[in-house]
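Student: I would like a close look at one part of this model, the place where the two chains meet. Please take me through it in one connected answer.

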2 protein chains.
Amino acid sequence: MFRIKDHIRDIKDFPKKDIIYKDITPLLQNPKATRDALKEFLRHLGDQKIEKVVGIESRGFFFATLLAQELNAGFIPIRKPGKLPFKTFRESYSLEYGEDILEIHCDAIKKGEKVLIHDDVLATGGTAAAACKLVEKMGGEIVQCNFLMDLDFLKGREKLSAYKVVSLVTY
Amino acid sequence: MFRIKDHIRDIKDFPKKDIIYKDITPLLQNPKATRDALKEFLRHLGDQKIEKVVGIESRGFFFATLLAQELNAGFIPIRKPGKLPFKTFRESYSLEYGEDILEIHCDAIKKGEKVLIHDDVLATGGTAAAACKLVEKMGGEIVQCNFLMDLDFLKGREKLSAYKVVSLVTY
């Protein structure tokens, strides 16, 4: 049986002391494990129609591009400020200290389009919630938010309570 | 007929004045065009065996993940310093002003593995040449470097003259 946790590696004290970082590069390095994770995502989507898959910079890009191709949907990157070259919409959100900003191209989502939001990790949910706001401001309809993993103790699902949230594994 | 240039948009004065930036987000937004570009990459690889596909941060990640799945190969990110959580090898390279550094996880490539290097744009070739050096230091064998586009006037192919270089379109 495919166990995704076998392909996620704990890194102590990254990016700072007392944080155990969940490294997904062993999963990405293994084409069979990557395909199995992709299949799991697709299983959770069932036959729901998806027109755009939004991947959040930058580890969200890995599976978002794969999901978009499998779903025959467009891939849309959401990026940090100043990275996207065309006209953008922006959304700021709170961090533990200070705030951060996300951008999306203003022609990325059309009104009424069915959207899947993807990132690798659901932590506090601030980033994903900001991504959802951006998409909804553009008239997109969020079908699901999916993640490889969620860090349950950070209660990210509470910030996404308006949406269907899927995560393949929970820590 | 599929014309990739129809899906690449010129953005004037990005990231700074007098630069015409080639924006690939229209291509990524179109699943059929993305699939056609992917098929073109695969056609240029023929039946050569690839065990690892190295994608360069961050726009190189988009097609590198797709290529890795299609080729049943592992996907390996090469990133800016401090982003990869595990032990890394580093390579510095010159920019127009100053220098930059790339990192790869030290367990990413095994000796003798057949490697495809991918990035979205071949410009001066400095980044791709540094990526090749990293892979070769680890004992990897570079089968091909491929790019969505190359900016011919920047002569990037000269820095990669030791390798087979494929780019889908030239500007």
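Tutor: What follows goes through the interface of chain A and chain B, and then a few backbone features of each chain.

The model is predicted. Begin with how the copies are placed. A turn of 180 degrees, with a shift of 0.0 Å along the axis, lays chain A on chain B with an RMSD of 0.0 Å. This is the relation of a two-fold axis. Within chain A, A:Leu66 has the C-alpha nearest that axis, at 3.0 Å.

The contact itself involves 35 residues of chain A and 35 residues of chain B. Of the interface residues of chain A, 100% are also interface residues in chain B, so the copies meet through the same surface. In terms of area, the two chains bury about 3,100 Å² between them, and 57% of this is on carbon and sulfur atoms. On the side of chain A, the residues that lose the most area to chain B are A:Gln29, A:Gln69 and A:Pro85, which together account for 22% of what that side buries.

Next come the polar interactions. The rule finds two salt bridges across the interface of chain A and chain B. One of them joins the side chains of A:Arg9 and B:Asp107, with an N to O distance of 2.8 Å. There are also 15 residue pairs in polar contact across this interface, both residues being at pLDDT 80 or more.

Several elements of chain A give two or more residues to the side that touches chain B: the strands β1 (9–12), β2 (20–23) and β4 (74–78), and the helices α1 (25–28), α2 (31–45) and α3 (60–71). The largest share, five residues, comes from α3(A). Sorted by class, the side of chain A that touches chain B has 16 nonpolar, ten polar and nine charged residues.

Some backbone features deserve a check in the viewer. In chain A, A:Asp13 lies in the loop between β1 and β2. A:Asp13 is not a glycine, yet has a positive phi of about 60 degrees, and this residue is partly exposed, with a relative accessible area of 40%. A:Lys155, in the loop between β8 (141–150) and α5 (156–159) of chain A, also has a positive phi, near 55 degrees.

In chain B, the peptide bond from B:Phe14 to B:Pro15 is cis, with omega near -5 degrees. B:Pro15 sits in the loop between β1 (9–12) and β2 (20–23) of chain B. Another cis peptide bond, with omega about -20 degrees, joins B:Glu57 and B:Ser58; B:Ser58 is in the loop between β3 (52–56) and α3 (60–70) of chain B.

Methods: Residues numbered from 1 in each chain as written. Chains lettered and ligands numbered in written order. Predicted model: local features only at pLDDT ≥ 70, side-chain atom pairs only at ≥ 80, totals over all residues. Heavy atoms only, no water. Least-squares fit on C-alpha atoms with pLDDT ≥ 70 in both. Contact = heavy atoms within 4.5 Å. Buried area = accessible area lost by both parts, 1.4 Å probe. Salt bridge = Lys/Arg side-chain N within 4 Å of Asp/Glu carboxyl O. Polar contact = N/O pair within 3.5 Å; in protein donor to acceptor, adjacent residues only side chain to side chain. Helix = DSSP H or I, 4+ residues; strand = E, 2+ residues; numbered from the N terminus. Nonpolar A, V, L, I, M, F, W, Y, C, P; charged D, E, K, R; others polar. Buried < 20%, exposed > 50% of the residue type's maximum accessible area, 1.4 Å probe, protein only.
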